[in-house]
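Subject: Structure handover

Hello,

Please find the structure below. My notes on it follow, residue by residue.

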Amino acid sequence: MTNDTATATALPLAPGHWALDPFHSAVNFTVRHLGIAKVRGRFERLEAELFVGERVEDVRVSATVDLASIDTGNADRDAHVRASDLLDVEKRPTMTYRSTRVSGEGENWTMEGELTIGDVTRPVTLAVEFGGLVDVPMDGSRHAGFEATGEIRRSEFGLDFAPGLLGEVVKIQLDMQFVEPKNA
């Protein structure tokens with residue numbers, strides 16, 4: 001998409017800083033174990049903000065995930081993954097993402113950005129599906145829903161522990177709801 005087309009694309013969201021609805025948002029992942037099965041997990045604590053400007057070029061997303069909040073459904077495994085020989089949450093307490101470019105239209109968008117884990121930052125592109133807008137009957141707030149998917153290679157972030165035991169590729173799925181600014 002060229003910049004002229006991106007500028008012409010109507011944004012379905014009101015301008016301003018959209019706040020994350022943490023009760024209806026999730027950061028999920030999948031990684032292969034022993035090359036034969038998938039282990040699924042999620043991170044329980046995250047912060048994110050969506051800034052919508054007048055043009056697509058002005059849209060920015062930022063997110064911070066608390067890596068110690070990992071939950072794979074097995075407390076012993078989670079404790080081991082947090083330890084210094086694996087994820088090392090003392091050294092790498094958070095994972096952050098900052099978008100650098102958003103493009104698309106309708107329901108299908110692409111978000112390019114930079115993912116930082118510990119002291120390593122790499123470009124990561126996410127496919128984003130816009131789920132729509134809805135007014136919440138209880139309080140009248142307007143929510144926007146998104147699903148973003150992508151993948152990273154562990155070794156590119158210095159997370160090359162347990163080769164052969166854990167797969168190199170980690171698939172990411174984000175389900176996010178944001179709340180429209182009150183002044184919109």
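I start with Asp160, which is partly exposed, because its relative accessible area is 48%, between the 20% limit for buried and the 50% limit for exposed. Please keep in mind that this is a predicted model. Asp160 sits in the loop between β10 (142-153) and β11 (166-179). Apart from neighbours within four places in sequence, Asp160 is in contact with Arg154 and Ser155. Asp160 can also be set against Leu87: 73 residues separate the two in sequence, while their C-alpha atoms are 9.6 Å apart in space.

For the wider setting, the UniProt record, an unreviewed entry, places the feature "domain: Lipid/polyisoprenoid-binding YceI-like" at residues 17-179. That span is 61% strand and 5% helix. The C-alpha atoms at its two ends lie 9 Å apart.

Next is Thr72. Is Thr72 buried or exposed? Thr72 counts as buried, because its relative accessibility is 12% and the cut-off for buried is under 20%. Thr72 belongs to the loop between β6 (70-71) and α2 (75-82). Which side chains make polar contacts with the side chain of Thr72? One is the side chain of Arg77, at 2.8 Å, and another is the side chain of Asp78, at 2.5 Å. Leaving aside neighbours within four places in sequence, the residues in contact with Thr72 are Phe29, Val39, Arg40, Gly41, Arg77 and Asp78.

Two other loop residues have positive phi values without being glycine.

- Leu34 has a phi near 60 degrees. Its loop runs between β2 (26-33) and β3 (37-43). With a relative accessible area of 48%, Leu34 is partly exposed.
- Asp88 has a phi of about 55 degrees. Its loop runs between α2 and β7 (94-105). Asp88 is buried, because its relative accessible area is 15% and buried means under 20%.

Leu34 comes up once more, at the surface. Together with Ile36 and Leu165, Leu34 makes a nonpolar surface patch of about 310 Å².

If you want a place to begin in the viewer, try Thr72 with Arg77 and Asp78, whose side chains make the polar contacts with the Thr72 side chain. After that, look at the patch of Leu34, Ile36 and Leu165.

Regards

Technical notes: Residues numbered from 1 in each chain as written. Predicted model: local features only at pLDDT ≥ 70, side-chain atom pairs only at ≥ 80, totals over all residues. Heavy atoms only, no water. UniProt positions renumbered as here; feature names shortened; annotations may be inferred. Helix = DSSP H or I, 4+ residues; strand = E, 2+ residues; numbered from the N terminus. Buried < 20%, exposed > 50% of the residue type's maximum accessible area, 1.4 Å probe, protein only. Polar contact = N/O pair within 3.5 Å; in protein donor to acceptor, adjacent residues only side chain to side chain. Contact = heavy atoms within 4.5 Å. Patch = residues over 30% accessible without salt bridge, like charges linked within 9 Å, V, L, I, M, F, W, Y side chains within 5 Å. Areas by Shrake-Rupley, 256 points an atom, 1.4 Å probe, with all protein chains shown as cover. Salt bridge = Lys/Arg side-chain N within 4 Å of Asp/Glu carboxyl O.
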